[in-house]
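Reader: Please take one helix of this model and look at it closely: which side of it is covered, what covers it, and how its charged side chains are placed. After that, go on to the strand pairings and the other salt bridges.

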Amino acid sequence: MKKIWLFSIIVAACNFVSFAQSWKELDSLRFHYFNKGEFDTASYYADLALDNALQNFGKKDTLYAISLTGKGQVLIRKGKNIEAEPLLLEAMDIYKQVKGKKNPTYLKIYNTLALVYDNLNDFYKAEKSYKEILEIRTETFGKNDVSYASALNNLAYLYKKMSNYADSEKLYLEAIEIRKAIQGENHPEYAEALNNIALLYYSMGNFPAVESYLNKAKIVFDNSKGYDFIKYLTVLNNLAGLYWSQYKYDLAQPLMEEVERKLLEELGEENPFHITALNNLSVLYANTGQLDKAIDINKEAIRLHTNVYGENSEAVALNLNNLGTAYIKKSFLYGKENFDERISALNYAEEALLRAKLIRKKILGTLHPDYDLILKNLANVYWQKGEFENAALLYKESLGIMEHNMFQNFSFMAENEKEMYFDKMYSDLKAFYSFAFAYKENDPAFIELVYNTVLKNKGLLLRSGTAMRNAIASSKDTALIKMFNDWIDLRKTLSDLYSKPLKERILDADSIELIASKLEKVIASSSYEFNEFEKDKKLDWKFVQKGLKKGEAAIEFLHFNFFDRVWTDSVSYYALIIKPGIKYPKMIKLFAEKSLLTFLEASENDDFGLINRVYGSRENYSDSLYNLIWRPLESELAGTKTVFVSPSGLLHKISFAALAKSKDVLLCDFTLVKNVTTTKNIGINNDLVFDQTSKAIVFGGIDYNSTSNDDVVWNYLDGTKVEGNHIKEILENKNIKVDFFSDDRASEEHFKQSAVSSKILHIATHGFFFPNPKDNEKQKEIKAVEYGDVAFRGGTRGFGLNSFVENPNPMMRSGLVLAGANRVWNQENSNAGEDGVLTALEVLQLDLRSSDIVVLSACETGLGDIVAGEGVYGLQRAFKMAGVKSIIMSLWQVPDKETVEFMDLFYSNLVEMKNTTKAFNKTQIQMRDKYDPYFWAAFVLID
């Protein structure tokens, strides 16, 4: 949805020593009516002032230049930018000859000319102009000047239009700080700056920041006098747009209608601000079912935009796209008995969208996100019309554009920016998955594209960015770091180029792509992590198939709410299956998420009762979970002995090995299930090679108190001391060096110092994960529960938990408890230094690439916030991003005594078999022969 954007239009208003009285009066009237928004009247007086200046002062006088500028500003406000350009160029030339480039009025005129180029999407000329203005202002006035802030604002806006979000944000923030320092937080221009950065964050998908900045701007305007009403209406419009994005239509509609009505009254119907308000209203009406209104308004906006910009402008393309989507929505209203009406609406949609596609292809090229939007909408039209082949071709093209832009932008985005970017993209992927499932009977080969897409996107945030950057930075290789930074700069340049219209690309994108590609190869040869990231771009399902042996299969699970005309409310789970020798991957629908939730919803935080109910026991088996998840796959997996599974959604909480097929028959009895973050990892070698430098770090028997006066939140765990000593003995018998940290030595400081150089990391302690506070308005008290001699490696909630329990960051709500933690857990605030609580966020900062395996022998260490396409945000993600190859973690509260036995068996198997996966699977079978699933199945191995 297009917004009204604020521009910094600076009116030239200077004092002169001598002038003709009549000219001054005429120009003052022009200025007066301009500020009132009565642009036709302002234009009349601008013409009179211009004629007067020409007769009395001549074409080389600065007053004539002022009149040219005044007329140009009126034309801009009336949407006639092309007519304004020659007037402003003439005015600039006069001032340059008479006063020079550093004259303040010259810069104001130049700024207005740059605005013309900006409005016309002439990005090259606009960027060149804004940069030169910024340079002159810096030299002349310095950076602590409001005019410098205005120049920053304009360049930042341009970069936003060019999708160069990183540079745009930097400039906007600098402008805000300058205005805050000079003008204060109650100045209308400070409010403008807040509005502008809010719109940037909207484009980036950061809606909390949008709301915060817009509300601050509105408060400033509410308390201001004499402000520009257009700017105030802009804030209202943008706030309405935010409400619309959040589906708060009852709040959005009256605001949008008020804005459109006032703009029509003040500016006239052909003013660009008014037409944009019409566009916004049309989108709102379409999304609230007022489709006839939406269609009528879109047609009116197309007529007005055509009058102002011409029939092949981007503004017309925008309204054509909106008209097409409104007709698509209208087609959904007709049932089977109204087939002709439905097809007619779809034909109208197709006609509008094809026109928009041609315009955007000509202006923006075939890699721009706005062109991609047209492809998606057209694909939907062809899908609904039953023209599946046409829809499939468009989806393929659209996926190529999405992948290109995603990999392009991920190279320089911050982690949170990547998350928001991917979140926006994921809804498009869900629509594609829905189409693929509907289309697979027509063309089974199409599922290749689905598997390839899942393979490239699942865990992409985990594989990109942080891990790669940290690895290269920590290499201390200055040449490699410089090459990497140069590569980032090239990707930024390409991102800027692809966001520009074709005619404005003064650099050759293909040539820069070639340079960047060559640099990638050099970096890849020097950095394993970079090479892996680059390989991900070329991944396909056949790569996975080649890694499978006879009797093996790979499953990528995915979940999404199905799209067919409209989005369904119910989320369903699907399995993508690959086996050796099959021609194409198979896509199978499994179950609705609500069915799985009925099994997984806890009862008064009673893990013991819940797990026995879900997975069953030796006396009372339960095959319900097996029937839900695995039985639909049996026919496809016939003859398969080993299955690599990459979970999705709630399946991250499932212990596949413990699924009961029948009494005394579990899945692990006849199928070896290997959990992987993505099936591209099926070839990972889990062999452990021990040499004289191999070292293991073991934490256990930890004293959680700092003093005898500490309130006990985390109880001492006797079993962890026993466990640690047993592991130390097992490993040392094989000549593996072990550092065992217990009591008060098992501190956060010692962990961070020693973990970076260990092959094996074992932490036996309390672990925690607290659910998202947004999903739990009232946190229930966790009570220490015991069943006979079953003591849990979890804890009760203490007084000072707010910094963890209610923290919005999931990486702060997941962690491990080390020495002295009871002190911080009972305080309002943590003291400076380490606090004994090792959060997932802190693990992220470590370099653990030397660690082959981390064993988290604690409660719920495998849990966290589940993010679509990215898995679990918690300890497992943190250790993976830090570089650990394999992780053993728990899905529920683990019993202390049986955990000691599990770990004894695992390490005994590990030193004999020297393979993590084989040792873990053997341990599961050994424990399965003695105990119910509750006592052993919580632990899962993730590669």
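Author: In this predicted model, the buried residues of helix α31 are G719, T720, E723, G724, I727, I730 and L731. Viewed along the axis of α31, these buried residues fall within an arc of 135°, so they line one face of the helix. The helix itself runs over residues 718-732, which makes 15 residues. From its first C-alpha to its last, α31 reaches 22 Å, close to the 21 Å expected at 1.5 Å a residue.

The cover over the buried residues of α31 includes both strands and a helix. Among the strands are β8 (695-702), β9 (737-743), β10 (760-764) and β14 (853-857). The helix is α37 (896-913).

One of the covering elements, β9, also takes part in a salt bridge with α31. The side chains of K721 and D743 meet there, at 3.7 Å from N to O. This pair links distant parts of the chain, with K721 in helix α31 and D743 in strand β9, 22 residues apart. K721 counts as partly exposed because its relative accessibility is 25%. D743, at 34% relative accessibility, likewise counts as partly exposed.

Side chains of opposite charge can pair when their charged atoms come close. A search of the whole structure finds 30 salt bridges, and some others can be set beside the K721 and D743 pair. In helix α17 (residues 369-385), K376 and D372 lie four residues apart, about one turn of the helix. The closest N and O atoms of K376 and D372 are 2.1 Å apart in their salt bridge. K376 has 14% relative accessibility, so it counts as buried. D372 has 4% relative accessibility, so D372 counts as buried too. The cut-off for buried is under 20% relative accessible area.

Another salt bridge joins the side chains of R631 and E634, at 3.5 Å from N to O. R631, with 32% relative accessibility, counts as partly exposed. E634 counts as partly exposed at 25%. Elsewhere, E269, E300 and R303 are linked in a network of salt bridges.

The strand pairings come next. Strand β4 (residues 642-646) pairs with β7 in the parallel sense, over four bridges. Within this pairing, V643 has V673 of β7 as its bridge partner. Strand β7 (residues 672-675) has two faces: V673 and N675 are on the covered one, while L672 and K674 are on the uncovered one. The bridge partner of V643 is thus on the covered face of β7.

Strand β12 (residues 814-817) has pairings with β11 and with β13. With strand β11 (residues 767-769), the sense is antiparallel and there are three bridges. Here G767 stands opposite L816 in β12. With strand β13 (residues 837-839), β12 again pairs in the antiparallel sense over three bridges. In that pairing G815 stands opposite T839 in β13.

To return to the helix of the request: the buried residues of α31 line one face, and β9 is among the elements covering them. K721 of α31 and D743 of β9 form the pair that links these parts of the chain.

Key: Residues numbered from 1 in each chain as written. Predicted model: local features only at pLDDT ≥ 70, side-chain atom pairs only at ≥ 80, totals over all residues. Heavy atoms only, no water. Pairing = 2+ DSSP bridges. Buried < 20%, exposed > 50% of the residue type's maximum accessible area, 1.4 Å probe, protein only. Expected span 1.5 Å × (residues − 1). Arc of directions from axis to C-beta. Contact = heavy atoms within 4.5 Å. Salt bridge = Lys/Arg side-chain N within 4 Å of Asp/Glu carboxyl O.
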